[in-house]
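Morning, everyone. Please look at the sequence and the structure on the screen while I talk.

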Amino acid sequence: MSHISSLNSLKHEITNSVCYTPLVYNRINKKLKEAFTNHQIEDLVKACINDADSILKKGKNYYVNCSNPGISLTINANNYRVITANNLC
């Protein structure tokens with residue numbers, strides 16, 4: 001399997017399984033200095049995963065880097081819960 005097809009497969013797996021805790025919505029808004037609704041955050045996370053430049057699994061987490069819009073996500077690799085988001089700048 002090529003690197004691109006394995007990355008696309010991983011993107012698909014994460015996008016279809018990603019979930020959220022109630023507290024993560026506030027954490028993401030605080031870290032990104034935004035006031036997104038829960039639905040907007042979910043759309044942003046899915047877009048970042050689908051457009052990711054890289055996804056690195058390190059320990060128990062996936063680290064998703066998306067240069068446009070410049071956000072990195074940390075997602076638990078076991079249960080696909082979003083842990084946090086950070087600006088790449």
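**A sheet, its helices and its cysteines**

Let's begin with one pair: I75 has V82, in β4, as its bridge partner. Strands here are DSSP runs of E, at least two residues long, and helices are runs of H or I, at least four long, both numbered from the N terminus.

Before going on, the ground rules. This is a predicted model, with residues numbered from 1 along each chain as its sequence is written, and local features need pLDDT of at least 70, while side-chain atom pairs count only at pLDDT 80 or more. Totals for chains, interfaces and linings use all residues, and side-chain values use heavy atoms, with hydrogens and water left out.

How far can we trust it? pLDDT is the predictor's confidence in each residue, from 0 to 100. The protein chain averages 93, and 96% of its residues score at least 70. Among its elements, β3 has the highest mean, 98, and α1 the lowest, 88.

Now the overall layout. The protein chain has three helices and four strands. From the N terminus the order is α-α-α-β-β-β-β. The radius of gyration, taken over C-alpha atoms, is compared with a globule rule: 2.2 Å times the number of residues to the power 0.38. Here the radius is 12 Å, close to the 12 Å that the rule gives for 89 residues, so the chain is as compact as a globular protein of that length.

Next, the sheet. Two strands pair if DSSP finds at least two bridges between them. The four strands form an open sheet, antiparallel, in the order β1-β2-β3-β4. β1 (54-58) and β4 (82-87) are the edge strands, and each pairs on one side only. From one strand to the next, the twist averages 20 degrees. Angles run from 0 to 180 degrees between N-to-C directions, with axes fitted to C-alpha atoms, for helices over the stretch in contact. β3, residues 71-76, pairs with β4 over five bridges.

Which strands does helix α2 touch? Contact means heavy atoms within 4.5 Å. Helix α2, residues 22-32, packs on the sheet and touches β3 and β4, at about 10 degrees to the direction of β4. Helix α3, residues 38-50, lies across β2 (61-66), β3 and β4. It runs at about 95 degrees to β3.

Last, the cysteines. A disulfide is a covalent bond between the sulfur atoms of two cysteines. Here the test is a pair of cysteine sulfur atoms within 2.5 Å. How many disulfides does that rule give? Zero. For C19, the nearest cysteine sulfur is that of C48, 17 Å away. Why does C48 not bond to C66? Its sulfur is 4.3 Å from the one in C66, its closest, and that is too far.

What about exposure? Buried means under 20% relative accessible area, exposed over 50%, partly exposed in between, with a 1.4 Å probe and protein chains only. C48 is buried at 1%. C19 is partly exposed at 25%.

C19 sits in the loop between α1 (3-17) and α2. Leaving out residues up to four places away in sequence, it touches N79, Y80, R81 and V82. That brings us back to V82: its C-alpha is 6.3 Å from that of C19, though they are 63 residues apart along the chain.
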